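Student: I have a structure open and would like to go through it in pieces. Can we start with how the chains meet?

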Amino acid sequence: MDRHVVGSVTDIPPGGRKIVTVKGRQIGIFRIGDEFFGLINRCPHQGAPLCSGEVVSRLVAPSPGDYRLTRAGEMIRCPWHCWEFDIRSGQSLCDPDSVQVRSFDVAVEAGNAVAEGRFIAERVEVSVEERYIVVTV
Amino acid sequence: MNVTVLDRKPDRSAQTHMGFIDCDVHPYVKGPNDFDPFLSKRWLEHKRTIGGRSRQGLAKTPMYPRMSPGSGMRMDGWPKGGGHPGSDLPLMREQLLDLFDVAYGLLAPLVGGAGGERNLEFGAAMATAVNEWQLAHSCDPDPRLLGAVQINAEYTEAAIAEIEKRAGDRRFAQVNIPPRGLEPLGRRRYWPILQACAANGFPVSLHLGGTSGHASTGGGWPSFYHEEHPSYVQTMQTLVTSLVCEGVFEQIPNLKIVLVEGGFAWLPALCWRLDKHWKQLKAEVPHLKRAPSEYVHEHIWVTTQPIEEPERPEDMLSTLEWIGPDRVMFSTDYPHWDQDDPRYAFKIPLPDDWKRKIYRDNARALYTLD
């Protein structure tokens, strides 16, 4: 497992995403507030590019007709068959116990740590004033 | 936790899906005027000044959910240069035809509104226009794409004329009739059209959809799209039952029917029920010389998408065996939101000879393709 610098935090605004390629894998990096999450860009159902789907809320209805929008901007909906997954965990909305998207650890590191540490940052220019998104693959 | 589906590799055993025949591909218009070059001045003016009158009760209710933005299309199917999914041949090649080296794609144009048009003369004009449009925009530029003759089944004479006009043109593979019509398809008023299809070597494809004006289920209008989608199964069951019970297959022994996008796992159970009742009610339908299931197996083909995904994946094998692997044909439904990918659609490996039949040989034989 290596830690890969995939961009600066300013590359992805809150609510945004960026699809990066690390070790030949496409990974969607999502930003929720100031937190970052990584999911493989491949739906467990039929292999669609999951991370290019819509980012949506989780709609729950404790009883018919009683609708509540929760977890605003924390679900990713597959661009093909609309299966929804929790961006934070990769868990499926419909079948959380048995279906999951592979997720990756994503951290934010200061520029000086990145400049001095053991990171792989082939395509990212590192400056000590910035903060960087680091994914473990 | 079972994450096997995530890491499952594509079925690459001899790449059996490659070069498959796709029995459900949707071409779309680039814009509302695409059909105009194929309409006479009389009908062009009608289209511009009066327009279509469909049989749909809920006139402005769209047929598809909007959750995958834009009327139920796969999100990555939108051409970058603009236009509707299915309207851009290079993108269709990239995402389907070339990607899987598709041998043939059977077109199911759900555009133009010819089949459900209440103004029968206009419906017939639009059917002709959509047929010409298929040739000009799909079949001639890419000979892998085979057209489906559009007709309005309520206008018998025009429908037969259109079928006869296209007969022998190998760019057309079959005749499309929307399953939701004014009456079940086995009724005698439709026999001349079915006869013309069979006589001219065209299988009849029943692609889900159509707007009958009747409630879409036997129990009334559904509230949710989630209800509407499985209601197409009821429609298909109605048509299979009608075609069998009316004696259509006795009357037209070379008629071939293809059920497209209506599922298939229900077919064995329907046959069991029809056979059971036939034993009890044979006196009511003495024109049926054989058990209903025999007519079904001889005359009816099904396409796979949207494929059933049984809780125990191995149950798919029994289902296919009950239907007969010689009657099942693979389809993607590109570029719709619920399309199937040939690499992943079956959740269980199929025997090699079944794969060959389902991905290729059955369609090749039915449509007498090279």
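Tutor: Yes. Keep in mind that this is a predicted model. In the contact between the chains, chain A takes part with 17 residues and chain B with 18 residues.

Student: On the side of chain A that touches chain B, how many residues are nonpolar, polar and charged?

Tutor: That side of chain A has eight polar, seven nonpolar and two charged residues.

Student: OK, staying with chain A. What is its secondary structure?

Tutor: Chain A has ten strands and one helix. Read from the N terminus, the order of elements is β-β-β-β-β-β-β-β-β-α-β.

Student: So where does the helix come in that order?

Tutor: In the run of chain A, the helix sits between a stretch of strands and a final strand.

Student: What box do the C-alpha atoms of chain A fill?

Tutor: Roughly 55 × 30 × 20 Å, taken along the principal axes. Chain A has 137 residues, and 34% of them count as buried.

Student: And what share of its contacts join residues at least 24 apart?

Tutor: 48%, counting contacts in chain A between residues at least 6 apart in sequence.

Student: New topic. How many residues are in the largest nonpolar core?

Tutor: The largest nonpolar core has 91 residues. Those with the most contacts inside it are B:L106, B:I151, B:V175, B:C197 and B:V204.

Student: Which helix gives the most to it?

Tutor: Helix α4 of chain B, residues 120-139, which gives nine residues to this core. Apart from this core lies another, of 30 residues, including A:V5, A:V101, A:V114 and A:I133.

Student: Back to B:I151. What is it in contact with, leaving aside neighbours within four places in sequence?

Tutor: B:I151 is then in contact with B:A127, B:A159, B:E162, B:I163, B:V175, B:I177 and B:I193.

Student: Last thing, helices. At what angle do α7 and α9 of chain B pack?

Tutor: Helix α7 (residues 225-245) and helix α9 (residues 266-281) of chain B pack at about 40°, and their axes are 11 Å apart. That angle is why α7(B) counts as oblique to α9(B). The crossing of α7(B) past α9(B) is right-handed.

Student: Which residues make the contact?

Tutor: From α7(B), the residues are B:V233, B:Q237, B:V240, B:T241 and B:V244. From α9(B), they are B:W266, B:L270 and B:L274.

Student: And by class?

Tutor: The contact of α7(B) with α9(B) has six nonpolar residues, two polar and no charged ones.

Key:
Residues numbered from 1 in each chain as written. Chains lettered and ligands numbered in written order. Predicted model: local features only at pLDDT ≥ 70, side-chain atom pairs only at ≥ 80, totals over all residues. Core = buried A, V, L, I, M, F, W, Y, C linked by C-beta atoms within 7 Å. Buried ≥ 20, exposed ≤ 12 C-beta atoms within 10 Å, placed from the backbone. Helix = DSSP H or I, 4+ residues; strand = E, 2+ residues; numbered from the N terminus. Contact = placed C-beta atoms within 7 Å. Axes fitted to C-alpha atoms, helices over the stretch in contact; angles between N-to-C directions. Parallel < 35°, antiparallel > 145°, perpendicular 65-115°, else oblique. Left-handed = near helix turned anticlockwise from the far one by under 90°. Nonpolar A, V, L, I, M, F, W, Y, C, P; charged D, E, K, R; others polar.
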